[in-house]
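Please open the model in your viewer and set it to a cartoon representation, with side chains hidden until they are called for. The tour below proceeds by selection, each stop saying what to pick and what is found there.

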Amino acid sequence: MAFFKRTLKKVNNLWYPQSVTWGKPVTTREVANELSAISTVTRGDTFAVVENLGRVLSNYMAQGRTVKLDGVGTFYYTACASKKGVKTAEEVNASQINSVRVRFLPEIGRTVGGRVTTRSMVDTKIVWEEWGKVATPSGKTPSGNTAGTTPSGSGETDGQGSGEGNQGENPLG
């Protein structure tokens, strides 16, 4: 079950649903346990692979490559430049880059006509419940939440009603 809350957007004074995350983030160990349970690989072997995945991905992306994991999606770096642009192409250099971000595109399936048929990271059977109206899987009824905001805490989304919860906060206390 996924959760949403009602959010008023200051930019257009309209209300939208915004996704909310709850509880602590799922750990590497929990992911390894689940993968081990649905495969023939031991928990220890699965944990070792999952734990080292980030390092392997960053090594390939540092070489200027994208990394596509079947059933998951594609990871790649983007460079963020300082706001000090230059007037000519000859003046552009690497010193203008002040940070790097990892981008992720979930894997999708398309029909011959180009329509999206599947998204690997999006469950087709998501059940959305309003935050605070139903019990969480732990049995607690959430209330007075502060989750569902952007990492900056602004609560802003793209104006289309989508948004990602801030997994750094625990709305259950």
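The stops run from the whole chain to a sheet, then to selected side-chain pairs, and end at the surface.

**The whole chain**

Keep in mind throughout that this is a predicted model. With the full chain selected, colour by secondary structure: the assignment comes to two helices and eight strands, and, read along the sequence, these elements follow the pattern β-β-α-α-β-β-β-β-β-β. If you then colour by relative accessibility, buried residues make up 23% of the 173 residues in the chain.

**The three-stranded sheet**

Next select β1 (residues 2-9), β2 (14-20) and β8 (128-130), and hide the remainder for a moment. These strands form an open sheet with the order β2-β1-β8, in which the pairing is mixed. Because β2 and β8 stand at the edges and have a single partner strand each, one side of each is left without a neighbour in the sheet. From one strand to the next, the twist averages 45°.

Narrow the selection to β1 and β2, which pair in the antiparallel sense over seven bridges. A convenient residue pair for inspecting this pairing is L8 with W15, the latter being the bridge partner of L8 in β2.

**A buried polar side chain**

Staying in strand β2, pick Q18 and show its side chain. Is Q18 buried or exposed? At 2% relative accessibility, Q18 counts as buried, since the cut-off for that class is under 20%. Now add T7 to the selection: a polar contact of 2.9 Å joins the side chains of Q18 and T7.

**A salt bridge between β1 and β8**

The count of salt bridges in the model comes to three, and the next stop is the one formed by E130 with R6, where the closest N and O atoms are 2.7 Å apart. E130 lies in strand β8 and R6 in strand β1, so this pair ties together parts of the chain that are 124 residues apart in sequence. The two partners fall into opposite accessibility classes, for E130 counts as buried at 16% relative accessibility, whereas R6, at 57%, counts as exposed.

**The network around K68**

Move on to K68 and display the side chains of D70 and E107 with it. K68 forms a salt bridge with D70, the closest N and O atoms being 3.1 Å apart, and D70 is exposed, with a relative accessible area of 66%. K68 also forms a salt bridge with E107, here with the closest N and O atoms 2.9 Å apart. This second pair links distant parts of the chain, given that K68 is in strand β3 (residues 67-69) and E107 in the loop between β5 (97-106) and β6 (108-110), 39 residues apart. E107 itself is partly exposed, with a relative accessible area of 24%. Through shared partners, the salt bridges join K68, D70 and E107 into one network.

**A nonpolar patch on the surface**

For the last stop, switch to a surface representation and select F104, M121, V122, I126 and W128. Which kind of patch do F104, M121, V122, I126 and W128 form on the surface? They form a nonpolar patch, and together they have about 460 Å² of accessible area. To place one of its members in the fold, return to the cartoon and centre on M121, which is found in the loop between β7 (116-119) and β8.

Technical notes
Residues numbered from 1 in each chain as written. Predicted model: local features only at pLDDT ≥ 70, side-chain atom pairs only at ≥ 80, totals over all residues. Heavy atoms only, no water. Patch = residues over 30% accessible without salt bridge, like charges linked within 9 Å, V, L, I, M, F, W, Y side chains within 5 Å. Areas by Shrake-Rupley, 256 points an atom, 1.4 Å probe, with all protein chains shown as cover. Salt bridge = Lys/Arg side-chain N within 4 Å of Asp/Glu carboxyl O. Helix = DSSP H or I, 4+ residues; strand = E, 2+ residues; numbered from the N terminus. Pairing = 2+ DSSP bridges. Axes fitted to C-alpha atoms, helices over the stretch in contact; angles between N-to-C directions. Buried < 20%, exposed > 50% of the residue type's maximum accessible area, 1.4 Å probe, protein only. Polar contact = N/O pair within 3.5 Å; in protein donor to acceptor, adjacent residues only side chain to side chain.
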